[in-house]
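Work through the following exercises with the sequence and the three-dimensional model side by side. Try each task yourself before you read its solution.

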Amino acid sequence: MPTIFGLPSEGVAVLDDVDLLVCGAGPVGCVVAERAATVLGWKVLVVDRRPHVAGNCHDSHAANGVLVHNYGPHYFRTDDEQLLRYLSRFADFVPANYEVRSQVRGELYPFPINLTTLERFFGRSLDTASAERLLAERRLPIANPTNSEEYVLSRVGRELYEAFYLNYTLKQWGVHPRALDPQVCGRVPVRLDRDARYVGHRFQVMPNGGFTKLFVRMLNHRNVRTLLNCDFSEVRTLIRPRRATVYCGPIDAYFDNRLGQLPYRSLRFDFVSHETEWRQPCVQINYPNDYGYTRSVEIKHVTGQRHPETVVSYETPTAEGEPFYPVPRRESAALYARYRELAEAETARNRVYFCGRLAQYRYFNTDEVIQEALACFQTIRRRCAAAPPASSPALPAA
């Protein structure tokens, strides 16, 4: 049965008096709902088929009391101070050290590749200049890479590609790197210094108490009602929002896969508790060449939680299951472009706005998707200011 949070607390009343209908209680849905309720005073209804808010950022406490990220690690980082200031209305933030290592040849190397990685892998002492010369000797002369394999080979050469990238990519995406767009591996930097952090953003922090707590506070507004355990399909023909609808689910599912199903990669998570304070030397270890899983994560390294025990999660990519990652290939981009045309028509006709990783079929980091949500809200605000509320607007397409 659906679970209702907020007021009113009784039954079908949530179907009436709705200015904005939001499909998805993840970061996008929560941000747009909060902004619409706070800034515009709109009545907002948020629906989500899961039994919790926060989407893939959802975290909870394991049986031993350790806070875990249920759908894989979400490392919050940003260079946007204004964005962090906005989120700080709903949570205090603690510093986080996002350090990742990759297990290669039975050893743990800093990853992304940095000067220390190169020294240990090639067994020689290096500085920035000599490391650049070493890579220049090994790079393949590919001026305009057309896929991820060519991109990595053009940056670090075949030895590092085969040791750190090839098999990890095969496991993660289920296809060869040469079948993926260059940006898949292009997101990972190569550093010629000893910075061991996973990213170099100005602000690298985590919400104290977890992401779910943050997003619950976001939705804790007298104008916001949240309906969980409820699929969008159950309400889309029942609710006539006066202003707009924001849809955060898979774009192909919204249109009943009428053009074909977009490809996604899913994940399986296995959580293992340990009666010791720490199990890993850092928050994440990648396994490009060993095991069926791609990485192990001990999120306690970055949550700020103090606890005598710990939990490590093991992440295994799968072809079936919950959609997590859009597959960045030329064919899927072409199919998405056709769905985007349908979405644009739906926005113009029925004021349905598509926002988020699945709705836009694009990989976003946590900070990026929140920025997308804020931009979406501004678009809705601007367009709705120029048009009166509909007393009986057209329903979203079935």
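The exercises below concern a predicted model, and they deal with cysteines and then with strand pairing.

**Exercise 1.** Find out how many disulfides the structure holds, and examine C57 and C376.

*Solution.* Begin with the cut-off, which is that two cysteine sulfur atoms must lie within 2.5 Å to count as a disulfide. The structure holds zero disulfides. For C57, the nearest cysteine sulfur belongs to C30 and is 9.4 Å away, and C57 is in no disulfide. For C376, the nearest cysteine sulfur is that of C355, at 4.4 Å, and C376 is likewise in no disulfide.

**Exercise 2.** Decide whether C57 is buried or exposed, and do the same for C376.

*Solution.* The step needs one threshold, namely that a residue is buried when its relative accessible area is under 20%. C57 has a relative accessible area of 4%, so C57 is buried. C376 has a relative accessible area of 9%, so C376 is buried.

**Exercise 3.** Describe the surroundings of strand 16, which covers residues 310-318, and name strands that pair with it.

*Solution.* First consider burial: because eight of its nine residues are buried, strand 16 is largely enclosed by the rest of the structure. Next take strand 13 (residues 264-274), which pairs with strand 16 in the antiparallel sense over nine bridges; here S266 stands opposite T318 of strand 16. Finally, strand 15 (residues 295-297) and strand 16 pair in the antiparallel sense over three bridges, with S296 standing opposite Y314 of strand 16.

Technical notes. Residues numbered from 1 in each chain as written. Predicted model: local features only at pLDDT ≥ 70, side-chain atom pairs only at ≥ 80, totals over all residues. Heavy atoms only, no water. Buried < 20%, exposed > 50% of the residue type's maximum accessible area, 1.4 Å probe, protein only. Helix = DSSP H or I, 4+ residues; strand = E, 2+ residues; numbered from the N terminus. Pairing = 2+ DSSP bridges.
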